[in-house]
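Work through the following exercises with the structure in view, and compare each step with the solution given.

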Amino acid sequence: MKRSHSTKRIIRTISNFFIFFLLAAFVTTCCIMLFISALQKSVGRKFTEEEIALAAKMTMVNVVLISIGMTAVDHYRRKRIVELPVKKIVEATSKMIEGNFDVRIAPIPGLAADDGFQEIIARINQMAEELSSVETLRTDFIANVSHEMKTPLTVMQNYGTLLQTPDLSEEKRIEYAKAITDASRRLADMMTNILKLNRLENQQIYPNPTTFDLGEQLCESLLQYESTWERKNIEIETDIAESVHVCADAELLLLVWNNLFSNAFKFTEDGGKVSLTLIADEEYATVKVSDTGCGMSTEVGAHIFEKFYQGDTSHATQGNGLGLPLVKRVVDIMHGEIGVESAIGIGTTFTVKIRRAENELEEPR
């Protein structure tokens, strides 16, 4: 391969030499002919054959020297301006093909800032940076999935082993079976959320927007947790504006409310309070879900929409860190906004803004 490449370079150098030789010979001959013609007229005599032969030899030598010089200059120019950038680009892209996305190409001195190669180098560095970020996310994602799967699988394995204990009481058998069921349900929920999030991120789920009453949907979603708030003696406070219609995918939007309510009840201690507020202006419907739970720091709040991130590890067994990233992605697809305000020991408030239906005032009675 190297020999073939070297042979091509030699052939190209020889070809360039002959091209420059012919060009230099043509230009030099024309100049000499014009010079001799002018000189004959000024001297007033014709040159002898010996003088013409000597002039021809000198011309040939000059042509050869000029051709060699032009070939050398062209070779240096190509090596500096073309071959060097190409070599660096090939080396960098070869490393990227092998999986090394940390490689970067340094700007080549001597090339103009607006040179095409400088632009290519900048784009390759940008691409390498993006690929490095994607690879990091992929590695972290695999590590996190493996970790999250290991926990429920370990629980199921341990309790499955305990179920095989001889003379196990009925009470313990039910307890262990329930633990296995809860772990398997958590594992199934995690797989479901991973698939949903993956389809959303890859735009394989296309929203099916319809116009519906947002207040009714919020109430229906909240009522699903009635047994939870009664068991934990949680106070429910609602302030829902009437006849607030939005144009969105109802099924996807339901994922948002279910996740927000689930988190609110999960992090609110017995005797606490969960609040639901719906207000609207001419453009947006704004939903606020508040709780009096443990709250979180500003640092934790900055990462809660990242996959598998769990700020409160004491509740880690109740979730898998995929709910809020799923919420964020759905809200983004709806061209809405989501924010969070929280303070440790006081509680958390999630605010979601969804664009109202343009024709809601014209809804049939």
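**Exercise 1.** Determine in which helix Ile10 lies, and whether Ile10 counts as buried or exposed.

Solution. Ile10 belongs to helix H1, which covers residues 2-43, helices being DSSP runs (H or I) of at least four residues, numbered from the N terminus. The model is predicted, so local features need pLDDT of at least 70 and side-chain atom pairs count only at pLDDT 80 or more, whereas totals for chains, interfaces and linings use all residues. Residues are numbered from 1 along each chain as its sequence is written, and side-chain values use heavy atoms, with hydrogens and water left out. Because its relative accessibility is 52%, Ile10 counts as exposed (buried means under 20% relative accessible area, exposed over 50%, partly exposed in between, with a 1.4 Å probe and protein chains only).

**Exercise 2.** Classify the ring pair of Tyr225 and Phe265, and locate both residues in the chain.

Solution. A search of the whole structure yields four aromatic pairs, where rings of Phe, Tyr and Trp (its six-membered ring) pair if their centres lie within 6.5 Å, with planes under 30 degrees apart counting as stacked, over 60 as edge-to-face and the rest as tilted. Since the ring centres of Tyr225 and Phe265 are 5.6 Å apart and the planes stand at 25 degrees, this pair is stacked. The pair links distant parts of the chain, 40 residues apart: Tyr225 is in the loop between helix H5 (214-223) and helix H6 (226-231), and Phe265 is in helix H7 (residues 250-267). Tyr225 counts as buried at 15% relative accessibility, and Phe265 counts as buried at 2%. Finally, Tyr225, Trp229, Phe261 and Phe265 make up one aromatic cluster.

Methods. Helix = DSSP H or I, 4+ residues; strand = E, 2+ residues; numbered from the N terminus.
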